[in-house]
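This report takes up one part of the complex after another, beginning with a sheet and ending with the contacts between chains.

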Amino acid sequence: MHRYVLGRLLGAIPTLFLIITLSFFLIRIAPGGPFDLERPLEAKVMENLSKIYHLNEPLWKQYLLYLQSIARLDFGPSFYFRDFSINELFAESLPISMQLGLSALALALVVGGIFGVIAALRQNRGTDYAVMAAATLGVTVPNFVVAPLLTLSLGVWLGWLPVGGWNNGAFVNAVLPVVTLALPQIAVVARLTRGSMIEALRSNHVRTARAYGLTKWLVIVVHALRGAILPVVSYLGPAAAALLTGSVVVETIFGIPGIGRYFVQGALNRDYTLVMGTVVVVACFVILFNLLVDLIYAVLDPRVRYD
Amino acid sequence: MMKSLRVTALATALMAATSLSAMAEMVYHRGNSADPETLDQHKTSTVYEAHILRDLYEGLVAYSADGQIIPGTATEWTVSDDGKVYTFKLRPEAKWSNGDPVVAGDFVYSLKRIMNPETGAKYASVLYPILNAEAVNKGEKPGDELGVKAIDDHTLEITLGAPTPFFVDLLAHQTGLPVHPASVDKFGSDFVKPENMVTNGAYTLAEFVPNDHIKAVKNANYYDAADVKIDSVYYYPTEDRGAALRRFQAGELDTNNDAPTEQVEFMKTELGDQFRVAPYLGTYYYAVNMKDENLAKREVRQALSMTIDREFLADEIWGSTMVAGYSLVPPGIGNYGEPAYADYKDMSMIDREEKAIELMKQAGFGPDKPLKLTINYNTSENHKNTAVALADMWKPLGVEIELINTDTKTHYAMLRDKGDFDLARAGWIGDYSDPQNFLFLVESDNVGFNYANYANPDYDKIMDEAAGTVDLEKRAEILKSAEKIFMDDLPFIPMMYYGSMNLVSDKVSGFEDNLLNVHPTRWISIAE
Amino acid sequence: MTTLSSAPVPDKALARGRSLWDDARDRLLANRAAMASLFVLVAITLVSIIGPMLSPHPFDKVYRDYVKVPASLSAYPAEDQIQPGFEAVLKRARVTIESFERVGDEVRARVSSRREIDPRITRYFERSDLFVDPQLVDWSADKTAATLTANVNFVHFYFGTDSNGRDMMTRTFIAGRVSLTIGLLATVVAITIGVIYGATSGYLGGRVDQVMMRVVDILYSLPFIFFVIMLVVFFGRNFVLMFIAVGAVEWLDMARIVRGQTLTIKRQEYVQAAEAMGVSDGGILRRHIIPNTLGPVVVYMTLLVPKVILLESFLSFLGLGVQEPMTSWGVLISEGARNMQGAFWMLIFPAIFLTSTLFALNFIGDGLRDALDPKDR
């Protein structure tokens with residue numbers, strides 16, 4: 001097991017290297033550069049700026065320079081936020097996005113799981129339809145509609161919750177963003193749980209367990225749910241990686257200083273180092289969570305073995 | 001249920017806490033459309049950076065609440081008879097936030113720093129009228145040859161290359177703000193960090209959390225500190241204008257320097273006087289690609305311009321936050337008078353349309369032989385709506401429009417590279433109140449801004465003549481004849497004059513509408 | 001673990017001469033929620049296809065006099081708008097109004113001017129969206145006064161109009177065409193690639209599996225926005241490109257899920273039995289693995305279509321694919337969300353269409369899942 005994990009982690013290095021290489025050159029193909037503004041710069045100024053950021057070097061040299069600095073875990077200076085290095089930006093924003101993402105994930109798992117189990121137990125009955133309809137609503141309404149609706153109703157009209165801002169992570173400021181982030185996930189988790197739960201309830205080991213006279217809830221929780229959770233886990237790997245690395249829409253609408261906004265800000269500002277930084281962080285999360293998913297699989301499903 | 005109760009309780013507690021602390025000090029929550037790229041004044045170029053920097057630093061001159069130039073660190077100045085030598089008297093009581101006196105040498109240091117090519121200042125060109133500034137900035141001359149000199153600690157002499165009547169206005173731009181030499185030397189580019197920054201304005205930097213807020217607190221060493229009412233000011237980067245409106249409605253923002261144009265009607269009815277629109281020093285236009293053989297025909301450009309129902313664009317599409325514009329230079333600008341309006345300004349739409357159809361026929365186009373054009377615009381709801389409306393207005397001319405939208409960087413990179421476009425949206429906000437700042441856009445040697453590739457030797461000659469004219473009235477006349485040529489040739493099709501939009505709470509006083517849309521925090525106060 | 005009852009089912013079904021698909025169809029037909037949803041989906045599809053042809057308003061027609069008017073069952077102009085509207089036009093024509101009367105759909109007014117009245121002023125009425133058939137009659141001798149008659153042009157905007165004065169109903173219909181096409185095609189692309197890739201990877205296992213999953217990881221972490229912007233630059237704006245872009249991104253999740261399922265299924269006795277009997281890898285994949293993953297795949301598919309439709313709005317926002325005056329539900333809804341306070345009809349109608357479609361898809365997906373489940377018989 002340990003060897004397996006170690007092997008996977010070592011295997012991640014070439015993956016990361018490939019990702020860095022690919023995105024480094026992809027970014028440079030996009031039209032426009034970090035210093036193209038509504039007001040064009042004097043040629044000489046442009047030249048000076050390029051010199052400061054090594055943009056005047058040939059591309060391969062810039063690439064080597066970047067590899068060198070990233071090997072030292074230094075993501076370089078930001079082209080847009082010129083008073084900050086990428087490391088400083090991430091140190092500030094990543095924990096915030098992770099905090100929001102984890103809360104949303106927990107909320108989605110609990111609520112979505114409960115919804116899914118209830119729906120499965122009452123398959124094709126009123127409760128099933130009602131619960132699933134409610135869950136479905138979450139995934140059918142885009143977050144750029146949900147977020148303004150929630151802030152308008154609970155923030156502006158009723159005045160119960162703040163409309164925006166992070167306020168150093170105060171609980172009230174986190175409520176609406178977390179709910180907005182969790183809503184579509186609740187729907188997905190509920191659907192996946194319902195689907196596999198129905199399957200699991202019909203499977204032989206659950207039938208056997210019930211035949212042995214184990215109480216209904218014990219069967220559901222210990223036997224059926226254990227098998228039913230596999231597709232959810234499968235889905236959660238990438239979903240968790242995406243949630244923890246922030247959401248552009250939610251962070252922009254609620255004015256939260258998370259890492260999600262940097263990706264789009266970086267892309268739109270052609271802030272090369274910022275985009276590269278976000279790509280690397282997201283990639284690390286994806287790789288890590290996939291490994292985690294595979295390990296959880298092994299724990300939950302005795303038929304899957306890694307040797 | 002339990003949860004919502006707890007939340008409410010917490011919210012109440014929090015509000016109580018904030019209102020308690022608010023009693024002790026006056027806090028200003030200020031929405032500012034984006035985060036600054038940097039707080040190094042010499043490297044900035046945008047309006048939202050200027051709002052913050054003007055609070056932190058004070059140049060030789062400053063802005064009053066209504067946007068007029070007033071004495072800043074300099075109490076008075078004299079100009080030599082040839083208009084080339086400016087002598088500034090600095091106030092002896094001016095101090096940096098660490099207690100150091102502000103001396104003439106600080107300004108010499110700062111001006112040399114911004115012109116130093118190694119600084120990489122984006123907007124040094126604003127101060128090019130200073131003697132040798134351009135040469136120094138391009139690395140052709142050493143920094144010592146820059147026309148600035150400290151006569152003594154409180155007397156500064158600036159020599160210009162040529163008389164520039166609006167030079168003092170230029171000094172009010174953020175590029176004219178001084179840096180504290182000792183901290184720049186000590187910390188290098190880190191002098192902008194809150195723990196290192198030393199400022200000479202009404203405020204000093206306390207925190208900068210990107211995408212969250214910037215906090216500035218009152219500078220006790222500021223010479224006018226006694227009259228500064230707000231104790232601390234928070235700037236929030238309000239990128240999403242809809243969200244900013246909601247935060248304003250909920251009372252979380254006291255002011256915001258932008259508003260969602262989509263909801264103008266709603267804001268007018270719901271917010272009343274709190275939604276402010278004022279004339280602004282800017283023009284919204286379409287650049288015409290003169291390299292295109294069809295658009296190179298003057299008749300076509302004239303016909304296109306003539307058929308635009310500018311009142312509809314300004315009032316319906318932009319909800320009256322813009323004003324129909326028939327000239328490149330917006331009215332109300334300094335050193336000018338009435339701009340040279342297009343001659344069809346007062347013609348009825350019907351006559352204009354008829355004449356335009358006639359012009360198109362002369363150029364060889366009509367409903368049976370349509371002219372196919374593309375409009376490029378950068379992604380934005382209002383740019384899109386404007387383009388859609390224009391396509392509809394040009395239909396009677398037999399003009400078929402295809403719309404192409406791209407992100408801002410792609411759009412401007414395309415304009416800069418003189419890419420393959422027919423008509424492209426653009427806009428210009430003046431840096432200072434002078435017609436030259438608009439008319440120089442289409443000079444043939446203005447590589448950066450002359451998106452249209454316009455090259456008219458007569459125009460260039462007139463602009464040169466104006467640059468050498470000291471007499472303001474005569475200069476205005478010359479510039480107006482340049483604008484006249486511009487309006488005949490129409491390398492750009494001006495459509496609207498910008499309006500500035502601000503959301504200003506009833507509690508706020510001292511926030512006065514003005515043409516430059518400058519609102520230094522030192523003049524503002526907030527009632528409880 | 002597994003007993004005889006479930007393992008050889010597919011083959012038994014064939015032997016009975018009743019295919020898996022016959023059973024599935026019967027079960028689906030019996031599912032009332034799914035059938036109702038199917039009906040809704042078909043209805044929306046039909047409306048999207050036929051609606052724009054039947055609508056009196058072209059989807060790109062700009063009504064300058066009706067910018068952002070609310071949804072209404074009664075016709076525009078409303079009664080109290082006719083006279084002010086008429087006077088406004090006359091003011092633009094710079095003539096003085098002496099009297100105004102209205103008979104049925106016709107309005108007539110005596111107008112005068114200090115100078116001779118230009119007969120071309122009727123054109124102001126032709127340009128107006130409120131009136132048609134303007135005529136100047138009863139000219140006075142010196143041509144400084146005349147009677148102007150015109151018919152009121154009643155039009156309906158059942159869903160209101162947008163910020164350019166275009167009919168929201170027609171635009172919602174035409175947007176349906178775009179969104180449904182993209183949703184369907186991109187999903188098919190994603191599912192096809194995802195299922196084949198995932199099943200192959202999971203079934204072959206070992207080193208092949210590792211390599212294939214690493215490829216997914218790499219693609220997953222690529223900067224999507226740049227991927228898209230690049231496509232625009234290289235290939236220009238192109239509808240087909242959009243399917244490729246979306247499909248190429250969205251199959252990754254699918255591949256993961258199918259692989260997970262396959263890992264489980266391939267340990268089942270019936271697969272091992274087939275292997276022992278010498279059935280080829282391809283045969284096992286086709287006959288056993290892929291059919292058994294269909295349940296989760298169908299569920300996921302119903303989640304993917306909404307995702308694709310919403311993703312499309314993001315792409316249009318960036319400038320790829322749908323360009324004005326064409327539109328899609330995602331685009332209409334994001335515009336509507338910005339107009340939420342003030343012009344809610346711009347949000348509500350496209351949102352109803354999108355939500356109903358997605359709801360219907362979800363219930364159909366559930367129905368399909370239940371129907372296709374090979375164990376459920």
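## The sheet of chain C

In chain C, V103(C) has E106(C) of strand 2 as its bridge partner. The model in which this pairing occurs is a predicted one. Strand 2 (residues 106-112) of chain C and strand 1 of chain C are joined in the antiparallel sense over seven bridges. The open sheet to which they belong is formed by four strands of chain C in the order 1-2-4-3, with antiparallel pairing. Because strand 1 (96-103) and strand 3 (131-137) of chain C stand at the edges with a single partner strand each, one side of each has no neighbour in the sheet. From one strand to the next, the twist averages 20 degrees.

Helix 4 (residues 79-92) of chain C lies across strand 1, strand 2 and strand 4 (145-152) of chain C, and it runs at about 145 degrees to strand 1 of chain C.

## Annotated spans of chain C

An unreviewed UniProt entry lists residues 33-54, 178-204, 224-249, 297-322 and 342-365 of chain C under "transmembrane region". For residues 33-54 of chain C, the end C-alpha atoms lie 30 Å apart and the span is 100% helix and 0% strand. For residues 342-365 of chain C, the corresponding distance is 37 Å, with 88% helix and 0% strand.

## Helix 4 of chain A

Helix 4 of chain A has 36 residues and reaches 50 Å from its first C-alpha to its last, which is close to the 52 Å expected at 1.5 Å a residue. This helix nevertheless has a kink of about 30 degrees at S93(A), shortly before the proline P95(A).

## Contacts of chain A

The contact between chain A and chain B takes 45 residues from chain A and 44 residues from chain B. Among the elements that give two or more residues to the side of chain A that touches chain B are helix 2 (43-52), helix 4 (86-121) and helix 7 (171-202) of chain A.

The contact between chain A and chain C takes 46 residues from chain A and 45 residues from chain C. Helix 1 (2-29), helix 9 (216-244) and helix 12 (272-300) of chain A are among those that each supply at least two residues of the side of chain A that touches chain C.

The table gives the residue classes of both sides.

| Side of chain A | Nonpolar | Polar | Charged |
|---|---|---|---|
| touches chain B | 26 residues | nine residues | 10 residues |
| touches chain C | 32 residues | nine residues | five residues |

Terms used
Residues numbered from 1 in each chain as written. Chains lettered and ligands numbered in written order. Predicted model: local features only at pLDDT ≥ 70, side-chain atom pairs only at ≥ 80, totals over all residues. UniProt positions renumbered as here; feature names shortened; annotations may be inferred. Contact = placed C-beta atoms within 7 Å. Nonpolar A, V, L, I, M, F, W, Y, C, P; charged D, E, K, R; others polar. Expected span 1.5 Å × (residues − 1). Bend = angle between axes of the 7 residues up to and from the residue. Pairing = 2+ DSSP bridges. Axes fitted to C-alpha atoms, helices over the stretch in contact; angles between N-to-C directions.
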